[in-house]
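Please look over the sequence and the model below before reading on. The paragraphs that follow take the reader through it one region at a time.

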Amino acid sequence: MTRKIALITGASRGLGKSAALHLAAQGVDIIGTYHSAAAEAQAVVEQVQALGGRAAMLQLDVRQSGSFDGFVGEVGRLLKDVFAQDHFNFLINNAGIGAHASFAETTEAQFDQLVAIHFKAPFFLTQKLLPLISDGGRIINISSGLARFSLPGYSAYASMKGAIEVLSRYQAKELGPRGISVNTLAPGAIATDFSGGAVRDNPDLNAMVANNTALGRAGLPDDIGGAISTLLADGSNWITGQRIEASGGMFL
Ligand code: NAD
């Protein structure tokens, strides 16, 4: 049977890396993107290979929408040269940054950066990748628990995540005729490098998260990598147009 291929943005570390390793363990090959950490990205390639999979990494700055046509061309060439395929099966729009500023103090520059990374990039990157996604493929857009509950300081970031949740439902409707499912996966607070590693490294924040989470701790990358690989497993093919939260029950 032909192995499936997942394209994951921001696969060099954190949740994207965990998704790559969980999918590789499930027999899925990986095309990842990295922003600047080429060595970290190469280490992920080697970890996927150690699991018996194939992987390749491409550099991409998702703020540079003018580079997307060239990137799509690179993905097409990589599919042919490395994977001997014309299409890939799963797209995970994961790359992102955190930004903390009160609504009153959010600057236009911060807002524009968050729109570019968290909304414009998944919108147009996905649009341009459509010819390379196989019929019957699946798309996961990474949202956040912050799109459901409100914590001061995240109005712009969480609004972009809200936008991607709405977009996902429209994509599910419009791409359904091709058999492509689209869902949002919304992590709770997870201990990664995100936002300067705050959830992982700030004991007060980590405790606040744990105290407000039904399962009693902050999330770990594997909690999300596992949720993503489960959503892309064979038995999950009838799920589309949904927002699935993986937060351990945060702020229920
Ligand atoms: P992380 O900082 O560990 O990793 C982010 C990844 O995105 C990195 O690979 C980085 O290179 C990439 N990236 C950042 N800016 C980029 C750019 N301009 N162009 C291309 N790539 C870029 O963070 P993470 O926790 O793994 O976050 C992954 C996703 O999960 C993000 O979309 C984030 O909003 C979301 N999320 C994270 C948490 C959390 O608590 N960690 C919670 C909810 C949602």
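**A walk through the predicted model**

At a relative accessibility of 58%, Asp 135 counts as exposed, and this residue makes a useful starting point in what is a predicted model. Asp 135 forms a salt bridge with Arg 178, in which the closest N and O atoms are 2.7 Å apart. This pair links distant parts of the chain, since Asp 135 belongs to strand E5 while Arg 178 sits in the loop between helix H5 (155–175) and strand E6 (181–187), 43 residues apart. Arg 178 itself is partly exposed, with a relative accessible area of 27%.

Another pair of this kind is made by Glu 245 and Arg 148, which form a salt bridge whose closest N and O atoms are 2.7 Å apart. Here too distant parts of the chain are linked, with Glu 245 in strand E7 (residues 243–246) and Arg 148 in the loop between E5 and H5, 97 residues apart. Both partners are classed as partly exposed, Glu 245 with a relative accessible area of 23% and Arg 148 with one of 39%. Lys 80 and Asp 86 form a further salt bridge, the closest N and O atoms being 3.6 Å apart, and Asp 86 is partly exposed at a relative accessible area of 46%. A search of the whole structure finds 13 salt bridges, and a network of them links Arg 13, Asp 193, Arg 200 and Asp 201.

Arg 13 also leads to the ligand. There are 28 residues around the ligand, of which Arg 13, Leu 15, Asn 94, Tyr 157 and Thr 192 come nearest. An N or O atom in the side chain of Arg 13 is 2.8 Å from an oxygen atom of the ligand, and a polar side-chain atom of Ser 12 lies 3.2 Å from an oxygen atom of the ligand. On the side chain of Asp 61, an N or O atom is 3.0 Å from a nitrogen atom of the ligand. Taken alone, the ligand exposes 840 Å², and the protein buries 96% of that area.

Asn 94, one of the residues that come nearest to the ligand, also has a polar partner within the protein. Its backbone nitrogen lies 2.8 Å from a polar atom of the side chain of Thr 9, and the backbone nitrogen of Ala 95 lies 2.9 Å from a polar atom of that side chain. Thr 9 is placed in the loop between E1 and H1, and with a relative accessible area of 2% this residue is buried. Leaving aside neighbours within four places in sequence, Thr 9 is in contact with Thr 33, Leu 60, Ile 92, Asn 93, Asn 94, Ala 95 and Leu 125.

What, then, are the residues with the most contacts inside the largest nonpolar core? This core has 29 residues, and those with the most contacts inside it are Ile 8, Leu 23, Ile 30, Ile 92, Ile 140, Leu 185 and Ile 228. The elements that give two or more residues to this core include strand E1 (5–8), helix H1 (14–25), strand E2 (29–34), strand E5 (133–142) and helix H8 (221–231), and the largest share, six residues, comes from H1. Apart from this core lies another, of 27 residues, among them Ala 56, Leu 58, Val 72 and Ile 180. Returning to Ile 8, and leaving aside its neighbours within four places in sequence, the residues in contact with Ile 8 include Ala 19, Leu 23, Ile 30, Ile 92 and Asn 94.

Two further residues complete the walk. Ser 236 lies in the loop between H8 and E7, where this residue is buried with a relative accessible area of 9%. Apart from neighbours within four places in sequence, Ser 236 is in contact with Arg 138, Thr 230 and Leu 231. Met 208, in helix H7 (residues 203–211), is partly exposed, with a relative accessible area of 30%. Not counting residues up to four places away in sequence, Met 208 touches Leu 151 and Phe 251, and the C-alpha atoms of Met 208 and Ala 218, which are 10 residues apart along the chain, are separated by 8.8 Å.

Conventions. Residues numbered from 1 in each chain as written. Predicted model: local features only at pLDDT ≥ 70, side-chain atom pairs only at ≥ 80, totals over all residues. Heavy atoms only, no water. Helix = DSSP H or I, 4+ residues; strand = E, 2+ residues; numbered from the N terminus. Buried < 20%, exposed > 50% of the residue type's maximum accessible area, 1.4 Å probe, protein only. Contact = heavy atoms within 4.5 Å. Core = buried A, V, L, I, M, F, W, Y, C linked by side-chain atoms within 4.5 Å. Near = heavy atom within 4 Å. Polar contact = N/O pair within 3.5 Å; in protein donor to acceptor, adjacent residues only side chain to side chain. Areas by Shrake-Rupley, 256 points an atom, 1.4 Å probe, with all protein chains shown as cover. Salt bridge = Lys/Arg side-chain N within 4 Å of Asp/Glu carboxyl O.
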